[in-house]
Amino acid sequence: MKEIVIDPITRLEGHGKITIFLNDQGNVENAYLQVPELRGFERFCEGRRAEDLPIITTRICGVCPVAHHMAGAKAVDAAFNVEPTETAKKLRELEYCGYFIYDHILHFYFLGGPDFVVGPDASPAKRNILGVIEKAGLEIGKEVIKHRAYGQRITEIIGGKATHPVSALPGGMAKALSEEDRQEIEKMVRSCVEFAKFSLKLFDDIVLRNVDYVKLIKSEPYALKTYYMGTVDKNNKVNFYDGDVRVVDQENNEFVKFVPSEYLDIIEEHVEPWTYVKLPYLKKVGWKGLMAGPDSGIYRVGPLGRLNAAEGMATPIAQKEYERMYKTLGGKPVHATLAFHWARLIELMYAAERALELVSDKEITNKDIRNKPGKPGEGVGIVEAARGTLIHHYQLDEKALAKKVNLVVATTHNAPGICMSIKNAAKGLIRNGKVSDGLLNMVEMAFRAYDPCFACATHFAIGQMSLEVKIYDNEKRLLKTIRR
Amino acid sequence: MGKKEKLKFAFYWAASCGGCEIAVLDVNEKILDIVARADIVFWPVAMDIKYKDVEAFPDKYIDVCFFNGAIRTEEQEYMAKLLRKKSKVLVAFGSCACDGCVVGLANLWNKETIFERAYSETPSTENPNFVTPKTFLKIKEGDLELPEFYDTVKTLAQTVDVDYFLSGCPPPVPLIIQAVEAIFNNKLPPKGSVLMPKKSVCDECPREKKDKHLSEIKRIYEIEDDGKTCFWDQGVVCMGPATRAGCGAQCPKINMPCTGCGGPGPRVKDQGAAAVSALASIATGPEVVNQAVDPIGTFYKYSLAHSILRRKVMKK
């Protein structure tokens, strides 16, 4: 049996690797995404002060700390049986939109987007932010850097720090927003709305007007028929900060809709000895191994998961784009993994529009930002991280110290889907022992669409992915190495 | 360091969250100045250089290596040793590399108890046979390997010789720019220096200090903060006095106490001990000190691995 190790060395060496095994006919037997690191937050959060949990858990991931901060804050709210004030909720959501703005820009322009903007066949040396600038122009490059920094700045103003914010505490927020800061945010947000429109147009011009790209998006190796999960508001529209969690099946029927405290009835996690990351699945359907379809409990989260799991977007421009995406790709749900990129830009649009609504709200500068916490108990907090549903579950003792902590992080939900997408992409490109040189690009595109942030388990989120494929024969002799 | 030839920089991450890398990105357009004056020869997040290439570098090939993350697995230890050998100057970058950060709180446990929680006990985990990740696994298709997970988290300086320290979670962007400037201008301080201001967070904090005696410890969510008075004067534990400055007291400015991410302040050996002695010096009696719940998580949140305590002794 042949073994192909794709060591995405530069960003994954030590932090993740893909191993593909071929069967005796030289076709793909199985693909493993190995996450080789664990830090043990669920254990060492035990004994900590409740108010520290939203601060400690941000260190799970420096790319999406705001998501952990907010999931943690909502879990302690629930544990203390306190509902934050309306203004506090709006402030948190506004900060949260700032986070989505910088994170989605980071992914589209720096990480995943170059595949499309510069082109899947372009030289790897060009498939990065510099390549994007070269193709789109220096002025646009500056706009990209500016608007990513705006997102960080919004987070910093409300959260206290851009990376690892601290201002959400049980019952609300530590500081009200000043009118001066509100104006600064409004200015940035208005600019972000225009930038999101521009980004969608760029995607339209470069990707959607290119028949080959659209064909690629719709192609079989990139389709995966799974369940989808995401948080929705009362009208079943996408919401990042709050709501019920909705799951749809492969045919767009609602499978279940649950409130955070019910998550243990819905989700279970499976353990495999070849990776440090756990593999979640829908409890009622069960774990059937790495397979798609209605009989397998595997589901996907993140931008495409959210759009599939919802019935629309709550802001006008994003809603129009939502309708266009489903019309173009043949109705709901969309199973095409590469559509994650498009969904991400629609969410960028929504984040900017929603931020503008919030920052224009008269209540946003109210001083009423905290309610008094009740007695400590147990609570679950769920938000949508940029990469998908994020669950924090805390049990507190009578001194408000953490007794038990459970965390199901965004990229973990997608780990089974990522493994299967890699396998499918590899299947299309490895036939009878012959490995196409395009393998690297295609496998890379398959999992980069998810924007996997394994800082939440390990790290491979930032920058240009570099890969090495090693092909061994039955006797473990190295036959061929493809690197770049 | 010669002026004619471009300097060679390297960045590496071990057990960390990626936030230090984001902090480097947050220098925004200044990254272009840096690239103009230095070649980045190894940066796993951004470049196509493999371990093998680093192994092939001559010794001391890299002028300055910025190393973030703590040492938690055998692979991270290997990379720390390799990069030490290949670098003239090794900078412990960020709280994890300098002090162990919150990841170091895992030293209250060991591998076995961490695995137990992660892979068995957690209520969403369904694992009746207690399957755990294995460093070497034979499956029907072939062999799969994972790096060994250690019992104890170590800082970089507990693993290899370190030249400079720049802590913070993440390191404040102005300090990163300052450090890089110092490197370019050949103005680095003596080996072993901390590349941060010789001040504590209190020195940068605008809150008014009344130096009142402390008769009761309160939790941050229990007080009505006025936004102006020192947290200690309001009964809330604040790590400011024991913590290195450079952040501009960002947390107190947003009405949250300092939790200590900058690491030990100047002239402070053990950050937690310094904070406890600050508390003891203003407490009206020993019963007040005893009101401090979770002393390890409060006073050693970012520095347990680096501290005199270092880890909990586990009875076998």
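**Exercise 1.** How many residues of α4(A) are buried? Determine also how the span of α4(A) compares with the expected span.

*Solution.* The model is predicted. Step one concerns burial: 15 of the 15 residues of α4(A) are buried, and the helix is mostly covered. Step two concerns length: helix α4 of chain A runs over residues 65-79, and its 15 residues, at 1.5 Å a residue, should span 21 Å. The C-alpha atoms at its ends lie 21 Å apart, which agrees with that expectation. Step three looks past the helix: α4(A) is followed by Asn81(A), which has a positive phi, near 55°.

**Exercise 2.** Describe the packing of α8(A) against α9(A).

*Solution.* Two packed helices are described by the angle between their axes and the distance between the axes. For helix α8 (residues 138-159) and helix α9 (residues 179-208) of chain A, the axes come within 10 Å and cross at roughly 145°. The crossing of α8(A) and α9(A) is left-handed. Next, identify the residues: α8(A) contributes Glu143(A), His147(A), Tyr150(A), Arg153(A), Ile154(A) and Ile157(A). From α9(A), they meet residues including Asp181(A), Ile185(A), Met188(A) and Phe195(A). By class, this contact of α8(A) with α9(A) comprises seven nonpolar, two polar and four charged residues.

**Exercise 3.** Characterise the contact between chain A and chain B.

*Solution.* Begin with the counts: 76 residues come from chain A and 71 residues from chain B. Then locate the elements: α1 (9-12), β2 (17-22), β3 (28-34), α8 and β14 (402-408) are among those of chain A that each supply at least two residues to the side touching chain B. Finally, classify that side of chain A: 33 residues are nonpolar, 21 polar and 22 charged.

Note on methods:
Residues are numbered from 1 along each chain as its sequence is written. Chains are lettered from A and ligands numbered from 1 in the order in which they are written. This is a predicted model: local features need pLDDT of at least 70, side-chain atom pairs count only at pLDDT 80 or more; totals for chains, interfaces and linings use all residues. Axes are lines fitted to C-alpha atoms, for helices over the stretch in contact, and angles run from 0 to 180 degrees between N-to-C directions. Helices (H or I, at least four residues) and strands (E, at least two) are DSSP runs, numbered from the N terminus. A crossing is left-handed if the near helix is turned anticlockwise from the far one by less than a right angle, and right-handed if clockwise. Two residues are in contact if their C-beta atoms, placed from the backbone, lie within 7 Å. Ala, Val, Leu, Ile, Met, Phe, Trp, Tyr, Cys and Pro count as nonpolar, Asp, Glu, Lys and Arg as charged, and the others, Gly among them, as polar. The expected span of a helix is 1.5 Å times one less than its number of residues. A residue is buried if 20 or more other C-beta atoms lie within 10 Å of its own, exposed if 12 or fewer, and partly exposed in between; C-beta atoms are placed from the backbone.
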